[in-house]
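Thanks for taking a look at this one with me. Here are a few notes to read alongside the picture.

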Amino acid sequence: MLLFAALLPQFAGEAGPGVDIRIALLGAAYLAVELVVGLGYIGVRSRIGALGGGIPARTQRKVDLGSSFCFIGLAGLLAVDDLV
């Protein structure tokens with residue numbers, strides 16, 4: 001709802017007749033793109049699972065550790081940004 005209320009009206013053009021239809025069409029286009037992307041993720045994951053069960057546990061731990069460092073670093077940057 002936030003995306004549709006905040007982002008889509010900027011692309012609908014000037015207020016006037018037909019603006020509701022343009023927002024509805026932009027929303028429908030967004031949902032269609034999201035559906036295609038989501039189905040793509042599902043297809044890729046099913047192929048990975050069919051090939052060998054996925055990522056080894058050791059590799060998964062390394063990815064999780066790297067992601068956690070990235071999030072901690074970003075949180076630190078946000079904390080420092082408020083102080084400056």
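The points below go from the whole chain down to single residues.

1. A word on where this comes from: the model is predicted. Its pLDDT averages 83 over the chain, and 87% of the residues score at least 70. Confidence is lowest in helix α1 (residues 2-6), with a mean of 69, and highest in helix α4 (residues 57-83), where the mean is 92. Please keep that in mind when you look at α1.

2. On to the overall layout. The chain has four helices and zero strands, so reading along the sequence gives the pattern α-α-α-α.

3. How much of the chain is buried? Of its 84 residues, 5% count as buried. The accessible surface comes to about 7200 Å², and carbon and sulfur atoms account for 72% of that area.

4. Helix α3 deserves a closer look. Its 34 residues should span 50 Å at 1.5 Å a residue, and its end C-alpha atoms are indeed 50 Å apart, so the expected and modelled spans agree. After α3 comes Gly54, and the phi of Gly54 is positive, near 110°.

5. Where is Tyr41 found? Tyr41 sits in helix α3, which covers residues 19-52. The relative accessible area of Tyr41 is 62%, and because exposed means over 50%, Tyr41 counts as exposed. Together with Val33 and Val37, Tyr41 forms a nonpolar patch on the surface. The accessible area of these three residues together is about 310 Å². If you have the structure open, try picking out Val33, Val37 and Tyr41 to see this patch.

6. Ala24 is another residue of helix α3. Is Ala24 exposed, partly exposed or buried? With a relative accessible area of 48%, Ala24 is partly exposed, because that value falls between the 20% cut-off for buried and the 50% cut-off for exposed. Ala24 and Leu8 are 16 residues apart along the chain, and their C-alpha atoms are separated by 9.2 Å.

Note on methods
Residues numbered from 1 in each chain as written. Predicted model: local features only at pLDDT ≥ 70, side-chain atom pairs only at ≥ 80, totals over all residues. Heavy atoms only, no water. Patch = residues over 30% accessible without salt bridge, like charges linked within 9 Å, V, L, I, M, F, W, Y side chains within 5 Å. Areas by Shrake-Rupley, 256 points an atom, 1.4 Å probe, with all protein chains shown as cover. Salt bridge = Lys/Arg side-chain N within 4 Å of Asp/Glu carboxyl O. Helix = DSSP H or I, 4+ residues; strand = E, 2+ residues; numbered from the N terminus. Buried < 20%, exposed > 50% of the residue type's maximum accessible area, 1.4 Å probe, protein only. Expected span 1.5 Å × (residues − 1). pLDDT = per-residue confidence, 0-100.
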